[in-house]
Structures are given as structure tokens and as C-alpha cells.
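User: Could you take me through the inside of this model, beginning with the empty space enclosed in it and then moving outward to what surrounds that space? I am in my first year, so please go step by step.

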Amino acid sequence: MKSCGIIAEYNPFHKGHEYHLQQARLKTNCDCLIVIVSSYFSQRGLPSYLTRSDKTKLSLEHGANIVLELPACFSCQSADYFAKYAIQSLSTLDIDYLCFGSETNDINYLRSLSFLNEIDASKNINQNQNISLQPNDILGYQYIKYCDKYDIEPVSIQRNNNFKSATQTRKDAFHFEQDYQSYFHLEQNWNSYYPYLRLFLQLTDASTLASFFLVNEGIEYRLKSASKQCETWDNFLNQCISKTYTKARIQRTCMMILLQIKKDEMMDSFFGCRVLGFDSIGQQYLKEHKNNRIYTKFKDLPSFLQEVELKSQALYQNFTSIDDNKVIRYDSID
């Protein structure tokens with residue numbers, strides 16, 4: 001069975017994602033389409049408008065055969081690490097292709113960027129090099145780098161501007177203009193989370209904050225100072241942003257603080273991946289590629305991923321009451 005992987009966020013799911021799923025199958029002629037999706041929190045450090053179970057259902061309904069989870073400890077990172085962990089996860093299922101959207105739609109050009117100097121992976125590539133890349137191409141550059149490492153063939157599709165971006169869809173969600181509106185949980189935003197973050201920053205000493213993942217270069221002092229002065233998330237964020245710390249970097253760092261994920265816990269770079277859902281084709285593929293780094297049950301997860309799961313659920317469910325702990329079989333979706 002030939003397989004193709006897709007790395008997704010679905011925050012939120014929109015028509016462009018339907019198109020991506022369709023084109024991935026058409027371009028690769030794969031037998032099994034595997035989506036790995038960030039669950040509760042996104043690569044930009046945002047709470048997800050869609051629950052993990054809804055992302056899984058929508059993926060399966062629109063052509064995916066298997067859905068995997070990229071936990072928050074891996075999803076809430078810069079493009080390099082986000083790509084690294086996602087492709088490591090997909091590689092456990094021996095995928096043949098990876099299909100991604102691209103503004104340039106030029107694999108050779110994106111691969112040529114690997115000849116640039118080494119970059120600081122904690123920052124946006126545009127901050128490291130005298131180049132300007134659009135968001136999908138930034139990720140595409142990283143995807144290709146890791147595809148080459150794991151002998152996966154990268155396949156790009158042209159970014160279609162007829163479809164709104166996820167960023168624009170999130171903005172429009174508050175005006176009730178989008179499909180899939182019934183899936184949106186608009187309470188999942190940093191305005192909701194900020195009172196908890198603010199209190200935690202004020203009550204926690206700087207040395208403890210410095211032990212959390214992504215809290216580097218003395219940023220803990222900047223965060224503590226801003227939390228004392230700013231009553232709203234927007235003011236806090238604006239005060240923390242600088243040439244060194246981008247908006248996304250601040251959001252990711254704050255998410256790691258809320259989840260209390262420690263630096264020493266993240267020393268091991270990869271722990272395996274969890275299956276969120278599958279259909280009959282996906283079930284057969286999983287049987288043929290069974291290994292000890294693919295998990296379908298919570299109790300089988302490594303202890304660190306169990307802790308991340310419980311913390312992520314506790315934080316997310318503080319604002320949205322959900323039950324999404326079961327693996328979804330597409331044949332049984334209502």
C-alpha cells in the first residue's frame with residue numbers, strides 16, 4: 001500500500017483543507033492518506049477552535065484513512081521543530097510521500113534553501129536569512145529537509161488564494177461567515193487563558209519559570225514584569241514582543257508555562273505517536289505497519305506523553321467541556 005502524509009493544524013478546518021486532502025490523493029495516487037494534526041494547541045501557540053475529536057472526524061470524512069496526534073509539547077514549536085517531530089511521527093508508519101501547500105510550489109527552490117547557513121531554529125527563518133518566504137514555504141523548506149532525511153518524497157500543491165487562510169478564517173469566525181461554524185469553540189483564545197497565566201506569572205519566582213521549556217535568555221523577567229502591568233492579553237503580548245521575541249514565540253512560551261512542561265523533560269526528542277482515528281483502509285495499514293512506537297491506548301503512552309496529555313486536556317477543558325479520549329473508527333461516526 002502506497003501512503004501519503006499530511007501535516008495539519010485545522011485551526012479551524014476550512015474549504016482549503018478539503019482541497020488539500022483531495023489533491024494529496026490525486027497527486028500521489030496513494031492507497032492510504034495519513035494526517036498528523038496538532039490537537040489542543042497550535043504551532044503558533046494558540047488554543048484550537050476545534051476539539052481533537054472534531055479534527056479527527058472531519059479528516060476522516062474528507063478522505064483521510066488514519067489520523068495521528070502531534071502533542072502540544074511538539075506542536076507548539078518553531079517551524080523547524082514542528083516539522084521535525086511531525087515527520088518523525090509519520091516515518092514510524094513508513095510513508096512514501098508528504099504533501100503540503102506552497103506559495104511557490106517549487107520543490108527544487110525550497111530544497112535549495114538547505115545550502116543556506118545554519119539557522120537558529122527557535123526563530124523564524126526570515127529572521128535568520130536575507131530572504132522572504134511566505135508561511136507555507138517556510139514550513140515547506142523544513143518539511144523537505146526532514147523528508148530527505150527519512151527518504152520520503154515531498155510533493156507540493158499550489159496555494160490557492162480562492163480559499164481563505166486559517167488566519168483569516170479565525171478572524172471571520174467571530175462574524176459567523178464560515179462553514180463548519182458549529183465546530184468552533186470561540187472561547188478557546190488567549191483572552192480566556194490570560195487571567196490564569198497572569199496569576200501564575202506573578203506567583204511564580206523567576207528561577208522556577210526559567211525551568212520551563214522555551215523560557216530562555218531571561219525572558220521570564222520580561223513576562224513577569226508585563227504581567228504586573230497589563231490587565232489584558234493584547235497589552236501583555238504587545239509589551240512582550242520585541243525584535244528578539246516574536247508574537248508566536250511569546251505565545252508558544254506562555255503555553256509551555258501554562259502546561260508546566262520542563263526543559264529536562266524535553267531532552268529526548270521523540271517518543272512515538274498516538275492514533276486518533278482510522279477507517280477500514282487505515283486499520284489494515286496499521287496492522288501491516290505495527291510497531292512499538294505507535295499507540296492507540298492512553299495507558300500505553302510513555303509516561304511523559306501521558307503527563308502532557310493530562311495537562312493539555314485539563315487546560316483545554318477548563319473552557320470547553322468535551323469527551324475526546326476514544327480512538328475514532330470512521331465506520332462508526334454518526
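Analyst: **The largest cavity and its surroundings**

Helix 15 contributes the most residues to the lining of the largest cavity, namely 4. Before going further, please keep in mind that this is a predicted model. The cavity itself holds about 100 Å³ of space, and it is one of 2 cavities of 30 Å³ or more that a search of the whole structure finds. Its lining is made up of 13 residues, and those that lie nearest the centre are E69, P71, L301, L305 and E309. Two elements, strand 6 (273-278) and helix 15, each give two or more residues to this lining. If you sort the lining by chemical character, 7 residues are nonpolar, 3 are polar and 3 are charged.

Strand 6 and helix 15 also appear together in the surroundings of helix 2. The buried residues of helix 2 pack against both of them, and also against helix 1, strand 2 (32-38), strand 3 (66-70) and strand 8. Helix 2, which spans residues 52-61, is mostly covered, with 8 of its 10 residues buried. It may help to find these on the structure: they are R52, S53, D54, K55, T56, L58, S59 and L60. After the helix comes G63, which has a positive phi near 120 degrees.

From here we can turn to the nonpolar interior. In soluble globular proteins, nonpolar side chains tend to be buried together. In this model the largest nonpolar core has 80 residues, and F41, L98, L197 and F236 are the ones with the most contacts inside it. A second core, separate from that one, has 25 residues, among them L33, V37, Y97 and L186. For a closer view of the largest core, look at F41: beyond its neighbours within four places in sequence, F41 touches L46, P47, A72, S75, C76, Y193, M255, L259, S312, L315 and Y316.

Two of those contacts, Y193 and Y316, lead to the aromatic rings, since F41, Y193 and Y316 belong to a cluster linked by ring pairs that also includes Y40, W190, Y194, Y196, W233, F236 and F319. Over the whole structure, a search finds 17 aromatic pairs. One of them joins W190 and Y193, whose ring centres are 5.7 Å apart and whose planes meet at 65 degrees; because an angle over 60 degrees counts as edge-to-face, this pair is given that name. W190 and Y193 sit 3 residues apart in helix 9 (residues 190-203), which means that about one helical turn separates them, and both of these residues are buried. Another edge-to-face pair is formed by Y196 and F319, with 5.6 Å from centre to centre and 85 degrees between the planes. This second pair links distant parts of the chain, as Y196 is in helix 9 while F319 is in the loop between helix 15 (303-317) and strand 8 (328-329), 123 residues apart. Y196 has a relative accessibility of 45%, and therefore counts as partly exposed.

An open space can now be set beside the enclosed one. The second largest pocket has a volume of about 400 Å³, and its lining consists of F278, Q283, L286, K287, H289, K290, N291, I294, T296, K297, V327 and R329. Helix 14 (residues 280-288) supplies the largest share of that lining, 3 residues. By character, the pocket lining divides into 4 nonpolar, 4 polar and 4 charged residues.

Finally, a few places in the backbone deserve a careful look. N11 and P12 are joined by a cis peptide bond, with omega about 0 degrees, and P12 is found in the loop between strand 1 (3-8) and helix 1 (15-28). N105 is not a glycine, yet its phi is positive, near 55 degrees; this residue lies in the loop between strand 4 (97-102) and helix 5 (107-112). L214, also not a glycine, has a positive phi of about 75 degrees and lies in the loop between helix 10 (206-209) and helix 11 (219-229). N105 counts as partly exposed because its relative accessibility is 30%, whereas L214 is buried, with a relative accessible area of 14%.

How values were computed: Residues numbered from 1 in each chain as written. Predicted model: local features only at pLDDT ≥ 70, side-chain atom pairs only at ≥ 80, totals over all residues. Heavy atoms only, no water. 1 Å grid on protein atoms, 1.4 Å probe; cavity = no way out; pocket = protein on both sides within 12 Å on 5 of 7 lines; lining within 4 Å. Points joined across faces, edges and corners; volume = space filled by probe spheres on them. Nonpolar A, V, L, I, M, F, W, Y, C, P; charged D, E, K, R; others polar. Phe/Tyr/Trp six-rings, centres within 6.5 Å; stacked < 30°, edge-to-face > 60°. Buried < 20%, exposed > 50% of the residue type's maximum accessible area, 1.4 Å probe, protein only. Core = buried A, V, L, I, M, F, W, Y, C linked by side-chain atoms within 4.5 Å. Contact = heavy atoms within 4.5 Å.
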